[in-house]
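Dear colleague,

I am passing on the structure we spoke about, with the sequence alongside. Please look it over first; my notes on what was found follow below it.

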Amino acid sequence: MTQTTYSPGDATSVQDSVGPVKGIAGWLVRWPQQLARLLPDHRPLLLFFIGLLVALTLPLIVVPLKTWQQGIVALVMIGLGWGIVQIEQRQRQAVASEYLHLLLVWLSIVTTLRYFYYRTVYTLNLDGWLNGFFSLLLYAAEIYAIGTLVLAYFQTLKLRQRQSVDISEIAADQLPKVDVYIPTYNEDVEIVRKTALAALAIEYPGDKKQVYILDDGRAAKYRTRRGRLHQLCEELGCTLLTRDTNEHAKAGNINTALTRTRGDLILILDCDHIPTQEILQRTVGFFLDPKVSLVQTPHWFYNPDPFERNLLTEGRVPVGNELFYKVLQKGNDFWNAAFFCGSAAVIRRDHLLEVGGIATETVTEDCHTSLRLHSLGYKSVYYDKIMVAGLAPEKFSAYVGQQVRWARGMAQILRLENPLFNRKLNLSLSQRLCYLSATSHFFFGFPRLMYAIAPVLYLLFGINLVRGLGVETVVYAVPHIVLALNANYITYKTVRYSFWNEIFEYAMAFQDGLVTFLALLNPKLGKFNVTDKGMSITERSFDWESARISVLMTALLLLSLFAVPFRLLLQPETAEAVFINGFWSVFNLLLLLAALIVALEQPQLRRTHRLQRQLQVILRGGQQTWQGQTLDISESGARIRLASWPNLADRAELVIHGDSARQVKLTADVIRVDPVSDREVVVSVDFAELTQAQQDALVLVLYSDVETWYSQARTIIDRPLASLRFILTAVQRAFRSPQPAQRMTVHKQVSAAAHLYYGGQFHTGLATAINSRQLQLQLDGLTPEALDVVQKSNLPLGVVVNQTVDAADATRLVAQLVDVQTVSKSDPVSPRLQLTLAFPKPLDSRQGNVIQHLIETLE
C-alpha cells in the first residue's frame, strides 16, 4: 500500500492505490507508484515528473520533418492518445487514471509545442500590413489558447477528494458560533423566505447559530418589500439588518454586517441558495485547523439554465458550472488555491477582518477576498458535497449579465493584483499559477472571435492569416487538437461533453471579449449588477440584443461558404487552403447555430421547477392507503410511482417524507393516472389549497432534508460522436412545440344503489364512479322521451346514493346532467344508459363535505 500523509479532511484516494493494476496500464502506473513510496507528499513527485518530462520533451519539439514524415508522427501520436484513453476507461482505480492522465498531458504538451514551434517559424504571414496584422492577431489568440491549456493541465494534475471532519464528539459549548448571512437586494420575498426557513433548520446548537437577512433594498420602490421582510423575520425568528447606503453592493452589505455581529464563523448564502440541514455539520470541522480561513462548497441549481432549457438537453448534458466545481476547484484545492465563490461558503470572521473584510475593489469580490487570505498564508478548503440548491438565471440576457460580471471582475483582479508577478502577494508559485488561470479564463472571447473570423477573412477577402496553409499545417495541428481533447477527456468526461464548451464560448464571445478588454484598460469601469432570478418565460422569443454579433458572424460564415466554389474556380492552385478554410467555416457555423439557439427563449411549461428526487410517499384515498415513491416533485405537484393500481377519486391525502425525519401532510388533486406495467402506475398530482405552514414544511422536505442531491455524481460519460449528433439535432428540438400533459378526469370506481329524481319521478340505477365534481350512474327504463325532457330542461336533478336500496342513511345530493352514453341496447325501447352528473360549484359549501364523505365510504 502506498503510504501517504494527509491533512485533516483529506481522503486523497489511499484505497484507490490498493491492489494490482494489470497489463500495459499496470506498467504505466507501477513505476510512479514506486516513486510515490519514497515521497511523503504528492507535490514534489508531481514537480519531479514535470521537470523530467520537460527535459525529455525539448528535442521532440524542434526536429524538422517532411510532410509525409510528420503525417506518420501525427498518426502515431493520435493512436497513442486513443490507446491511453481506452486503457483508462477500463480502470477502476483513481491512481491509474491520474498517472495515465499525466502521460497524456505530456504527449499533448509535446504535440502542442511542436505545433507552436512550426507556427512560429514557418506560417506567420507578414507579407503586407493587412495580412501581417490579422496573422499576428490569430497567432496571439493561439498563444492565449495554448497558455490556457497548459494552466488547466497544471490545475488538474491532482484532484483533491476530501472527507468532512467529524464534530459529533465535540461538546456543544465548545463549538464555534456561526452567523448565517443572507444578503438580498430586490429578490422576491418568497425566494428569501425559503432560504431563511432552511437556514433556521440547519442542524447546529441553537445558541450557537444566528440567521441574519441583510437587506440592501433601501430605495423607495422597495419600501413595501422591506416591510414584508421585517414581518418575515419576526414570524420566523431571524434578524433583519439594513444600512443607510448601498456602497460597494453585496461586499459592502456583508462588511456592514461584520461590524454588527459577533459569530466566530460566517456562513454566506445568496438569498436563492437554500441550504441542506447538514451544511454546518459537514463544514465546521475543517476549522479545527486554525490556519483554515475558508470552506467552499459547490453551487448547484435546481432549475435549468438557458443552455439547458433553450437547447432542450433535458439533463443529458452537464451544466456549465460542473467543470469548475467537479474538477477545477478540486485541482485548486490540491495547491491550496480553492477560492471563495460568493455563497455556500463558511469563512472565519477573524481572518476576514484581518484582510479588511470582503474586497470591494472589483465586482468579483469573492475571488479577490480569497487571494488576500491566501496571501497572508491562510488555507482554504474545497469540500465537494452539494449542500445548497439555488436558482440559475432563467433568461439568456440575465445569464449573459452574470457571466459578464464575472468576466469583468476576474479581469480587474488580473489588472490590479497581477497574481503571477506581484511581489507584494505572499503566494506560492502553484497558487500564482492557479490564480492566473482563474483570472485569465474569461479572456476566451478574443480567440473565439478570431477562430470564427479567420476563414471568413480568407474566403471572402483573400486575407491569408496562415502562410502556406495546407496539408502540412493540418498534420501539425491535428495531433495538437486531438491529444488535447484526449488529455482533457480523462478529467472532464463526466462534467464537460465534447464541443459544448465551444458553444458556450461562442454564445458569450462578444460580450466577454469587450468587457475583459475594457477592464484591462480601466479596472474601475463597470458596477456590480444583481442577477435576475425567479423570472417566468411564457412564450418563445429571440434575444436579438444578446445575440447580434453571433447573428452577424453566422451570416459571414454562410457568405464565406458561398465563396468556396468561386475560389476554386478562379484560383485552383489554392485548393488545399480553400478546402481547409471551408471545413473550418462549416465547423464554426454548426457551433454558432447552436449558440444562436441558446438565445431563442423557450417557454416554461411548468409553474414550478421539478426536482428529480425519489421520496417515500403514503397516499390515502377513502379507506385505503398506498405506499409509493416520487419520480419527480416540485412545490406544486409530483409524479408518484405505485406498485398497484389505486382506486382513487380526483383528490387524495399525501404524506411525503424527506431523506431523514421530516415530513409534510397535504391534500392533492389527482390529475393523471398512467400505467407503467400490468401492475405499476404513475399518479400525477397537483398540491391543493396549501396553507403557509404546509408550504414551509414542503420547502424543508424538498430542499433541507436532503442527504445527497441527485447531481452529486454523474455516471454517464462523454461520447464525442454522440455529443456532436446531439448538437446537430438542437435545431429540430428547439422548434418543436412541446405541450404540458393533459389532465385526465379521474374517478373512483364504486358500486352503489342510486335513485335519480326529476319532475316528480324516481328512477332506480347504479352509481359506478364518483369524484369531487362528478357522479356516474347507469339507469334502465328511462325512455328516450323522458331523457329528452331532462336534457332540454337543464334543471337540477335530485340524486340519492346509498350502499343498499333500503339503507336508512341515504345521501341526498343535487346535480346537473352533462353527458349521456348508451351502455347497452338489449332493450331498444329503453336501453341502459350511463349518465354523467356534475355537482354545481355554488353548492360546494352545502354539500362538498357530504360528497367527500361519500367518496371515502363507497366501495
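Among the contacts in the chain with a separation of 6 or more, 77% are between residues 24 or more positions apart. Please keep in mind throughout that this is a predicted model. The chain has 859 residues, of which 55% are buried, and its secondary structure comprises 26 helices and 23 strands. The area that the chain exposes is about 38,500 Å², with carbon and sulfur atoms supplying 58% of it.

One part that may repay a careful look is an open sheet of seven strands with mixed pairing, in which the order is β3-β2-β1-β4-β7-β6-β8. Because β3 (239-242) and β8 (379-382) each have a single partner strand, they stand at the edges of this sheet, and one side of each is left without a neighbour in it. From one strand to the next, the twist averages 25°. Within the sheet, strand β4 (residues 265-268) and strand β7 (residues 345-348) run antiparallel and are joined by four bridges, and one of the residue pairs you can locate there is L265 with its bridge partner R348 in β7. As a general point, strands of a sheet pair through backbone hydrogen bonds, either parallel or antiparallel. Helix α8 (residues 249-258) lies across β1 (178-184), β2 (209-215), β3 and β4, and it runs at about 145° to β1.

As a bench biochemist you may also wonder about the cysteines: how many disulfides does a search of the whole structure find? The search finds zero. For C233, the closest cysteine sulfur is that of C238, and the two sulfurs are 3.8 Å apart, which is too far for a bond because a disulfide is counted only when the sulfur atoms are within 2.5 Å. C233 counts as buried, at 4% relative accessibility, and C434 is buried as well, with a relative accessible area of 2%.

Finally, there is a residue in helix α21 (residues 575-598) that you may want to display, namely N581. With a relative accessible area of 3%, N581 counts as buried, because the cut-off for that term is under 20%. Leaving aside residues up to four places away in sequence, N581 touches A454, P455, Y458, L459 and L469.

With best wishes

Methods: Residues are numbered from 1 along each chain as its sequence is written. This is a predicted model: local features need pLDDT of at least 70, side-chain atom pairs count only at pLDDT 80 or more; totals for chains, interfaces and linings use all residues. Side-chain values use heavy atoms; hydrogens and water are left out. Helices (H or I, at least four residues) and strands (E, at least two) are DSSP runs, numbered from the N terminus. Buried means under 20% relative accessible area, exposed over 50%, partly exposed in between (1.4 Å probe, protein chains only). Contact means heavy atoms within 4.5 Å. Accessible areas come from the Shrake-Rupley method with a 1.4 Å probe; for residues, only the protein chains shown count as cover. Two strands pair if DSSP finds at least two bridges between them. Axes are lines fitted to C-alpha atoms, for helices over the stretch in contact, and angles run from 0 to 180 degrees between N-to-C directions.
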